[in-house]
Amino acid sequence: MTLTAQELSSVIHAELDKGYDVVRIARVAFQLYQDHGVELTPDLDEKLLQLMAMEEGPEFEFSEDELRRLAEELAG
């Protein structure tokens, strides 16, 4: 099943509801990438790669507000 932008938005919101934790969110993004990588649109592929990179260091981290804005943007 293809991952949609709205589904990714819901996942981001659900993870943020558990608390702002960039490592946890990056790992969830990695799992989604593993599960759906070949069927992702180029835009979602890029978004997931950006989310996965947050675990690589503070220079790659989204703030909580940036993550919320991203989720809203994905929701349409």
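Modeller: Before we start, a word on terms: buried means under 20% relative accessible area, and exposed means over 50%. Keep in mind that this is a predicted model.

Biologist: Thanks! Which residues of H1 are buried?

Modeller: Helix H1 covers residues 5–17. Its buried residues cover an arc of only 130 degrees around the axis, so they sit on the same side of H1. They are Leu8, Ser9, Ile12, Glu15 and Leu16.

Biologist: And which exposed residues does the face of H1 turned away from its buried side carry?

Modeller: Look at the face pointing away from the buried side of H1. There you will find two exposed residues, Gln6 and Asp17.

Biologist: What covers the buried residues of H1?

Modeller: Other helices contribute to that cover. It includes H2, which spans residues 22–36, along with H3 and H4.

Biologist: How far does H1 reach from its first C-alpha to its last?

Modeller: H1 has 13 residues, and at 1.5 Å a residue the expected reach is 18 Å. The model comes close to that expectation, with a reach of 18 Å.

Biologist: Glu15 caught my eye. Is Glu15 buried or exposed, and with which residue does Arg24 form a salt bridge?

Modeller: The cut-off for buried is under 20%, and Glu15 has 8% relative accessibility, so Glu15 counts as buried. Arg24, at 23%, counts as partly exposed. The closest N and O atoms of the salt bridge are 2.6 Å apart, and the partner of Arg24 is Glu15.

Biologist: Which residues are linked with Glu15 in a network of salt bridges?

Modeller: Arg24 belongs to this network. Two further members complete the set, so to speak: the residues linked with Glu15 are Lys18, Asp21 and Arg24.

Biologist: Over to H3. How many residues apart are Asp43 and Lys47?

Modeller: These two form a salt bridge, with closest N and O atoms 3.8 Å apart. Asp43 is partly exposed at 42%, whereas Lys47 counts as buried at 11%. Both lie in H3 (residues 42–53), about one turn of the helix from each other, which is a spacing of four residues.

Biologist: Why does the pair of Lys47 and Glu73 tie together parts that are apart in sequence?

Modeller: Lys47 also forms a salt bridge with Glu73, the closest N and O atoms being 3.8 Å apart. Lys47 lies in H3 and Glu73 in H4 (residues 64–75), so the pair ties together parts separated in sequence by 26 residues.

Biologist: Finally, how many salt bridges does the structure hold?

Modeller: We have met several here, including Arg24 with Glu15 and Lys47 with Glu73. For the structure, the count is seven.

Notes: Residues are numbered from 1 along each chain as its sequence is written. This is a predicted model: local features need pLDDT of at least 70, side-chain atom pairs count only at pLDDT 80 or more; totals for chains, interfaces and linings use all residues. Side-chain values use heavy atoms; hydrogens and water are left out. A salt bridge is a side-chain nitrogen of Lys or Arg within 4 Å of a carboxyl oxygen of Asp or Glu. Buried means under 20% relative accessible area, exposed over 50%, partly exposed in between (1.4 Å probe, protein chains only). The expected span of a helix is 1.5 Å times one less than its number of residues. The arc is that of the directions from the helix axis to the C-beta atoms. Contact means heavy atoms within 4.5 Å.
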